[in-house]
Amino acid sequence: MLLWFTSNIAIGLYNIAQYEPSILMALSPHYMVVFFQRNGEKGWTVLGAEAMFADLGHFSKGAIQIVFSSFVYPALVITYTGEASYLNKHPDKKGTAFYSTSSIPRPVYWPMFVISTAAAIVASQSMISASLSIVKQSLALGCFPREVLKRIWSGCGVGDDHQDMLYNIRDAHDLGDKYHPHPHFFLVFHLNRRGLHRRGLHDIPTQQNSSRRVGTICHFIFLHDNNISWTYGRSKKSMYEAEGKMSLEELASMLSTASLSWPPGICLFCTNLVNGIPTIIRHYIQHTNSVREIMVILTVKTLLIKTMQPEERFIVGKLALDGVYRCLVQFGYYKDFPSTAGDDYIASVVAKLHELPISTEESEKLDSAMERGAVFVMGRTILKASKNNKWLTRFTIDYLYRFFQKNCRSALTTLEIPPGNTLQVGMVYEI
C-alpha cells in the first residue's frame, strides 16, 4: 500500500508538471464556492466519493489520523489533481484517464499494473473482513434480522471458502473482532444509505441500461422493506410483550396451584423485557403444569458500548416469591458477544445470586438445583395482524415481517446454548 500511494504521488506530480501546472489553483476554496453557486443542487450529483478504510485491529486511532492527514489525503489530492491536469489536454480520454497508457508514463506502466493489482487484493480482503464485522455488530445491536447469510452470499457470488470463513466467525479471536466502529457509525451509515437510495431513485429515469434500472429498483425495495418491516415488527412485538406482561400477583397465584409439579433444577426464562414478568412464563405453566424449583427470568442486552466490565455484566435481584429471581446480563457490541456454552455460564449466574441477602437454606437450594441441571426456555413468537388493522399493516406484519422472521437464524444459535438444555415455546401474538 505504501508503494501504491507513493507511485500515485509520483505520477500525479509528473502529470501536473507535464500538462497543466496551473491546475493547482483548483485547490483554493474560492473555486469550490463558485462551483456550487453556478450549479446549485446539481453540483452534488457530479461529485465522487472515496471509501477510506483502516484496520483498527492493527493500528491505533492516533496513528491512522496522523498517516491519513500527512500522507494518504495529500496522495489522493495530488493523484486526482494530476488526472485533472491530464484531462485538460486530453478531454477525449475522460473514460480511461487513470488507466490510460498516456496518463501513466510508458516505462512505469507495467510496474504500476503489478502494484495496483497487489493493492487491490489487499484492499478487497480488508473490506470483506470489515463488512462482515459491521454486519455482525449490527446483528448484535438488533439493526438487521439474522438472515440465512449463506444463501445471500451464494447469490452474491461469494465462494464456499469465503462463506465458511465468514459464517464461522464467532469468538473474540475472529476477524470481526478486529474492527470495532463507534455505534454512531451505524446511524451515519443508515442516514447515508437513505441518501444513496434517494439518489438512486432520482437517477433511474436517466439510466440507459435497463438491467441497471431494475437492479436499482430491486435494491431500493429490498433494503427499505427490510428496514421498515423488521423495525416495525420488532417495535410491535416489544409493545405487545410490555402490555401483556404478568403481574406479581398473577404469578403467585399460578405458582400456588396445588396440581403444579416442581421438578428439581433451574429454569431460565429468556426474555427481552428488562422490567416485568414475561408472558412466556404464563404460557409455559399453562401448557406444562410444571416449573422447576428455581426460576430465573433472564434478559440478555447488547448495549451501545464496546465492552462491559466483568463486575458490571450481571445484575441480579430476588422477586417477592420463593425461588424466583431476575438476572440481567449486559454485553457490549464488540468482542464480548453473548455465549451460554457449557456449565460455566450457569455457575456465573448462580454465583451472582449467592451475593444476594438470602438465607442459608435458600443458598443450599440454589447449589442443589444447579447440580440437577438447568434448562433454557425461549419463546418462538409469530406475529399476526388482527382484522381490525388496515391492509398495509396486515401486509407488513403477515407477509414482510413474517418472511424475514422465517428466514432468520434462531436466537439459540447466537447464544450457543447446548441443544439438550433448550426448550422453545411457540406463541402467537395477535397485534
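Is cysteine 267 buried or exposed, and what is its relative accessible area? In this predicted model, cysteine 267 is buried, and its relative accessible area is 0%. That residue is a good place to start a short tour of the strand around it, followed by two helices.

**Strand S1 and its cysteines**

Strand S1 covers residues 266-271, and 6 of its 6 residues are buried, so the rest of the structure largely encloses it. Both of its faces are covered. On one side sit Ile266, Leu268 and Cys270, while Cys267, Phe269 and Thr271 lie on the other.

Two cysteines in one short stretch may make you think of a disulfide. A disulfide requires the two sulfur atoms to be within 2.5 Å. The cysteine sulfur closest to that of cysteine 267 belongs to cysteine 270, and because 9.0 Å separates them, they are too far apart for a bond. Cysteine 270 is likewise in no disulfide, and the count for the model comes to 0. Cysteine 270 also counts as buried, with a relative accessibility of 15%.

**Neighbours of S1**

S1 pairs with two other strands, S2 and S5. The table sets out each pairing, with one residue pair from each.

| Partner strand | Sense | Bridges | Residue in S1 | Residue opposite |
|---|---|---|---|---|
| S2 (residues 294-303) | parallel | 6 | threonine 271 | threonine 299 |
| S5 (residues 374-384) | parallel | 4 | phenylalanine 269 | valine 377 |

Threonine 271 and phenylalanine 269, the S1 residues in the table, are both on the side of the strand that also holds Cys267.

**Helix H1**

Now to the start of the chain. Helix H1 takes in residues 2-18, which makes 17 residues. From its first C-alpha to its last it reaches 24 Å, close to the 24 Å expected at 1.5 Å a residue. Which residues of H1 are buried? They are Trp4, Phe5, Ser7, Asn8, Ile9, Ile11, Gly12, Asn15 and Ile16. A general point helps when reading such a list: an α-helix has 3.6 residues a turn, so residues three or four places apart point the same way.

**A nonpolar patch on the surface**

Our last stop is helix H15, residues 391-406, where phenylalanine 395 is found. Phenylalanine 395 has a relative accessibility of 38%, so it counts as partly exposed. Together with Trp391, Leu392 and Tyr399, Phe395 makes a nonpolar surface patch of about 520 Å².

How values were computed: Residues numbered from 1 in each chain as written. Predicted model: local features only at pLDDT ≥ 70, side-chain atom pairs only at ≥ 80, totals over all residues. Heavy atoms only, no water. Patch = residues over 30% accessible without salt bridge, like charges linked within 9 Å, V, L, I, M, F, W, Y side chains within 5 Å. Areas by Shrake-Rupley, 256 points an atom, 1.4 Å probe, with all protein chains shown as cover. Salt bridge = Lys/Arg side-chain N within 4 Å of Asp/Glu carboxyl O. Buried < 20%, exposed > 50% of the residue type's maximum accessible area, 1.4 Å probe, protein only. Pairing = 2+ DSSP bridges. Expected span 1.5 Å × (residues − 1).
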